[in-house]
Each structure stands twice: as structure tokens, then as C-alpha cells.
Amino acid sequence: MKKAFLSITAAVVLGLASLSAQAEPITVKFSHVVAENTPKGLMANKFRDLVAADPALKDKVVVEVFPNSQLFDDDKVMDAMLLGDVQIAAPSLSKFQKYNPQLLIYDLPFLFKDIAAVDKFQQSEDGQTLLTSMKDKGYIGLGYLHNGMKQLSANKPLKTPEDAKGLKFRIQTSDVLAAQFEAVGGVPVKKPFSEVFTLMQTKAIDGSENPWSNIYSKKFHEVQSDITESDHGVLDYMVITSSEFWDGLDEDVRTALKKDMDEAVTYGNEMSVKKADEDKQAIIDSKRSTVYTLTAEERQKWVDAMKPVWDKFKDTIGADLIDKALKANEG
């Protein structure tokens, strides 16, 4: 009788422990490398807040956001994700070259005329297919997030391609971006984003390329005397997760998380457009850096100098895909 009682007690204890374990919410760590007042930072915090307020996820999921490379930089976060140390990240599209070279399409200089064209291509069938193109490597894209069109900065005016000759430009780990600066006689230097301010401040690099929000939030305009409004490329992100984590979620949890992510990305993209204008004006008002807008003739010289990069990578990316991206500029 006593043994039976002990067995029942043990079973109850184990059952309660099991229920307690099941009741523990899933912690989703969202790691990114930029400041919280950037489009990515605002989107990440919006996603965290939406999940916290979502009745479908109450007591099931908690999102923790780690900005400014607090956990990982974009070069290490991919491996960390496969190890389960982080569940969501939003690396720039340049970071995916080794997982799917077709994603280099977003680095081609002067491919998209503006962020609306970028968005049109990303929402197309081909753009959406690229989101799931790395599943065999263990990653699933949950959406595209805009940061904005890129501008050139340096410690001298950059009005013509000749002005870039011999200058060291920090770039992301992208062969297209390396070829882009080599095409104008520049020296590409691959370095983590977290090191850029110090590299500029110590003159270890001469210039860089960034959207307005990055330039302003990271105070690059305080250590670069000149900024050229070139809109020569796009710096966008892909919000990703590991396929093992995502596929392992209950369907109702996965559906609710995707809905909240879609809403957060929409918010982030709206903020990117708003902040591009605001941050550009804030830089101008600061008078710490001179902003120069290219004339049509000057811009064409940059196009002519950089466009040969397309031919160099058309076999890697796919000529058909490039043609489809170009069509996004129409209308």
C-alpha cells in the first residue's frame, strides 16, 4: 500500500514537473548590429512588443532584442543561429553570398532606381523565392526589411569616379561590392560594421557607403567631412531564422509569429522611408559634414564606371534574374 502511494505521489510530482516545463515560454533572441533608432532597431522592438501583446502567444513566447552587436555581429550570427544561440537575426543581404550567390543581385550598383523599385522586386515571385532559397543550408527568410539607398562618404568630395581613386572604402563581405569600388580605382576593405566609426576616426579607412539612417545613428557624419547623395545601391536586410527552430514550432505559434513579423516588417519599412528624409536633414543641419547631390551628368559618370560589374557577375546571379529586377524600375 505504501509502495503504491509512493508510486502515485512520484507520478503526480513528475506530472506537475512536466506541466511546469511545458508552461515555460519559448525565448526568442533577436540579435542585430545597429542602433535601436534605426529602421531595423525599430522593427525588432516592434516585433517584441507585438508578440508580448498577442493573445495567441500569451505565456508561449517571449522575444528578447539585442541591438548594437551585443550578442553577435553579422559574420557570426549565422553560425550562432544553427547552434540555437539566437533564433532571429536580420543580416544585410550582402552577408548571404556564400549561402546563395544569387542574392548578390542586391549589391549590383545602380540596378534599382529607388527603394520603391527594390520593394517591387522583393515582393515579386522571384523576390519571394529568394527568401526560401537557403533552406537547404538551414535558414528560412521571414521577410525583407529596408534600410535604404546607399550614399558615399569620405574625407574629400566625391563628385566623379576619379575622386575615389586610391581611397580605402569599408565594405561588407561581398565580392560585388569589392568589384564596385575597384571599378572606380578604390581599395575595398572588408570590416565588421561595429568597427566602422573607429576606422573612420583613426583614418584607417577613407570612406564608406551607407544609408542615411546608418550614417546618422552611428555618427559617421562626425568623422567624414563629405557625403555624396549617390543612391548607387541598396542596403536592405533579410529577417531570418533557422529552419530547425521554425519547423519545430507548433503550427499555431508559427502562424502567430509570422503575422506579428509581417506587421513589424511593414512598420520598419515605413520608418525607413521616413527616417531617410529625417536623418539626411539632421546631417545637413548638423553642419558636421557637407552633403553633395550629384548632377545628372555626374551621376551618369558613376553609372558608366560601375555598371561593368554587372557583366562580371551575370553568370553567378543569372542574367534572367537581373532582367527581372530591372523591370521593377518600370512604371
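In this predicted model, Thr129 sits in helix α5. Its relative accessible area comes out at 47%, so Thr129 counts as partly exposed, falling short of the over 50% needed to be called exposed. Twelve residues is not much of a walk along the chain, and Thr129 and Gly141, 12 residues apart in sequence, end up 9.6 Å apart in space from C-alpha to C-alpha.

Just past that helix comes Met134, in the loop that links α5 (125-131) to β4 (139-149). Here the picture is one of burial: with a relative accessible area of 0%, Met134 is buried. Setting aside neighbours within four places in sequence, the residues in contact with Met134 are Phe96, Tyr99, Asn100, Leu103, Tyr139 and Met238. Tyr292 is another matter, as Met134 and Tyr292 lie 39 Å apart, C-alpha to C-alpha, with their positions 158 residues apart in sequence.

Turning to a helix pair, α12 (residues 308-317) packs with α13 (residues 319-327) at an angle of about 110 degrees, and their axes are 7 Å apart. That angle makes α12 roughly perpendicular to α13, because the range for that label runs from 65 to 115 degrees. On the α12 side, the contact is made by Trp310, Lys314 and Ile317, while α13 brings Ala319, Leu321, Ile322 and Leu326. Sorted by class, the contact of α12 with α13 holds six nonpolar residues, one charged residue and no polar ones.

Terms used. Residues numbered from 1 in each chain as written. Predicted model: local features only at pLDDT ≥ 70, side-chain atom pairs only at ≥ 80, totals over all residues. Heavy atoms only, no water. Helix = DSSP H or I, 4+ residues; strand = E, 2+ residues; numbered from the N terminus. Buried < 20%, exposed > 50% of the residue type's maximum accessible area, 1.4 Å probe, protein only. Contact = heavy atoms within 4.5 Å. Axes fitted to C-alpha atoms, helices over the stretch in contact; angles between N-to-C directions. Parallel < 35°, antiparallel > 145°, perpendicular 65-115°, else oblique. Nonpolar A, V, L, I, M, F, W, Y, C, P; charged D, E, K, R; others polar.
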